[in-house]
Amino acid sequence: MRQTCLNMVYELAKQDPRVVFVGSDLGVGTLKQFKAEMPDRYYMEGVSEQNIIGMAAGLAMEGKVVYFNTIATFITRRCFEQVVIDLCLHNVPVRLIGSGGGMVYAPLGPTHLAIEDIAIFRAVPNMAIVAPADANEMRRFMPQSLNHPGPLYIRLGKGGDPIVTPDDQQFAVGKTYGLREGKDAVLVTTGVTAKTALDAAASLARQGIDAGVLHVPTVKPLDAEAVLKRVAAVPVVVTIEEHTLMGGLGSAVAELIAETGFTPAKRFKRLGLPDVFPDQYGSQASLMERYELTPAHVAKVVQQLHTR
């Protein structure tokens, strides 16, 4: 997914002279073809993310569309004030490409786990948040990023993530996509947890429970109308995200459901990380298992809600 995203930045730059790429202490080979062909629009800065945000804002104010890539925790935590004041307050076209959303960097421990990045940026006016499910969806999304009117946060998986979205699916910022229909429950996902939900739905089908999957690649602005339409049609709703339960996709859906006031009430559960710093090193898969973000656990939760 990351390589597809960066390759698309290069392709967009060839088509549009406004496109500028900025990296923060990335590998020497990152977008080397971009650097060779368009050196005046390629910048590789050091570990100076706060300064880079100011630089990107200045370029954007002069008519450029800036794509800035570094590790997700550095984009969201380290330069939060600069993102708020320099990018969002002025509503400028800077695209923040966050590598390693969720628990991708599990071997590096809690300092590198972007488990609250969505919550951080959901709170900021003018910021849009997009978390594609796979490389194919990233390829469909990136052309839409070019003329988006304000700042964008693009949450990347680790790369090599399974392809789960159909080839004929379209993409628009702010829209949701049904990956599976179901009358008994709906699993609402974002990013790579779409695969988890699809596997859980397949398992539930073997138990006689018809669960649908609604993929929400744009967490903000949330397609409230589409989410509520799917929620209204089923008794059970479960959200799944590789993110803390505080302020992410599950919170956004819970807010919608609470304010709508369904009668009878929906049987609803959010699945994500508890309010902790993960205390184990390992792999992304091992931490997903530790925090029960697996198809088996999702299926178990849906089954319990379905029979309540």
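**Close-up views of a predicted model**

**View 1. A lysine charge over a phenylalanine ring.** In this predicted model, Lys 266 places its charged end over the ring of Phe 262, at 4.9 Å from the ring centre. A further case involves Arg 78, whose charged end sits over the ring of Phe 74, 4.1 Å from its centre.

**View 2. The five-stranded sheet.** The sheet is open and consists of five strands in the order 7-9-8-11-12, with mixed pairing. Strand 7 (177-180) and strand 12 are the edge strands; each has a single partner strand, so one side of each lacks a neighbour in the sheet. From one strand to the next, the twist averages 25°. Strands of a sheet pair through backbone hydrogen bonds, in either a parallel or an antiparallel sense. Strand 8 and strand 11 pair in the parallel sense, over five bridges. Leu 187 has Val 238, in strand 11, as its bridge partner.

**View 3. Two helices across the sheet strands.** Helix 9 (residues 224-232) lies across strand 7, strand 8, strand 9 and strand 11, and runs at about 175° to strand 9. Helix 10 (residues 249-260) lies across strand 8, strand 11 and strand 12, and its angle to strand 12 is about 160°.

**View 4. The largest nonpolar core.** This core has 32 residues, and those with the most contacts inside it are Met 103, Leu 187, Val 238, Ile 240 and Val 302. Two or more residues each come from strand 8 (185-189), helix 8 (193-206), strand 9 (211-215), strand 11 (236-244), strand 12 (267-273), helix 11 (284-290) and helix 12 (295-306). Helix 8 gives the most, with six residues. Which residues is Val 302 in contact with, leaving aside its neighbours within four places in sequence? They are Ala 185, Leu 187, Leu 204, Ile 209 and Val 238. A second, separate core has 29 residues, among them Cys 5, Tyr 10, Val 19 and Phe 141.

**View 5. The ring pair of Tyr 10 and Phe 34.** The count of aromatic pairs in the model comes to seven. In the pair of Tyr 10 and Phe 34, the ring centres are 6.5 Å apart and the planes stand at 55°, so the pair is tilted. Tyr 10 belongs to helix 1 (residues 2-15) and Phe 34 to helix 2 (residues 32-37), so the pair ties together parts that are 24 residues apart in sequence. Are these rings on buried or exposed residues? Tyr 10 counts as buried because its relative accessibility is 8%, and Phe 34 counts as buried at 0%.

**View 6. The ring pair of Phe 21 and Phe 34, and the cluster.** Phe 34 also forms a tilted aromatic pair with Phe 21, with 6.3 Å from centre to centre and 50° between the planes. Phe 21 lies in strand 1 (residues 19-24) and Phe 34 in helix 2, so this pair links distant parts of the chain, 13 residues apart. Phe 21 is buried, with a relative accessible area of 0%. Ring pairs join Tyr 10, Phe 21, Phe 34 and Tyr 42 into a cluster.

Conventions
Residues are numbered from 1 along each chain as its sequence is written. This is a predicted model: local features need pLDDT of at least 70, side-chain atom pairs count only at pLDDT 80 or more; totals for chains, interfaces and linings use all residues. Side-chain values use heavy atoms; hydrogens and water are left out. A nonpolar core is a set of buried Ala, Val, Leu, Ile, Met, Phe, Trp, Tyr and Cys residues joined through side-chain atoms within 4.5 Å. Buried means under 20% relative accessible area, exposed over 50%, partly exposed in between (1.4 Å probe, protein chains only). Helices (H or I, at least four residues) and strands (E, at least two) are DSSP runs, numbered from the N terminus. Contact means heavy atoms within 4.5 Å. Two strands pair if DSSP finds at least two bridges between them. Axes are lines fitted to C-alpha atoms, for helices over the stretch in contact, and angles run from 0 to 180 degrees between N-to-C directions. Rings of Phe, Tyr and Trp (its six-membered ring) pair if their centres lie within 6.5 Å; planes under 30 degrees apart count as stacked, over 60 as edge-to-face and the rest as tilted. A charge sits over a ring if NZ of Lys or CZ of Arg is within 6 Å of the ring centre and within 35 degrees of the ring normal.
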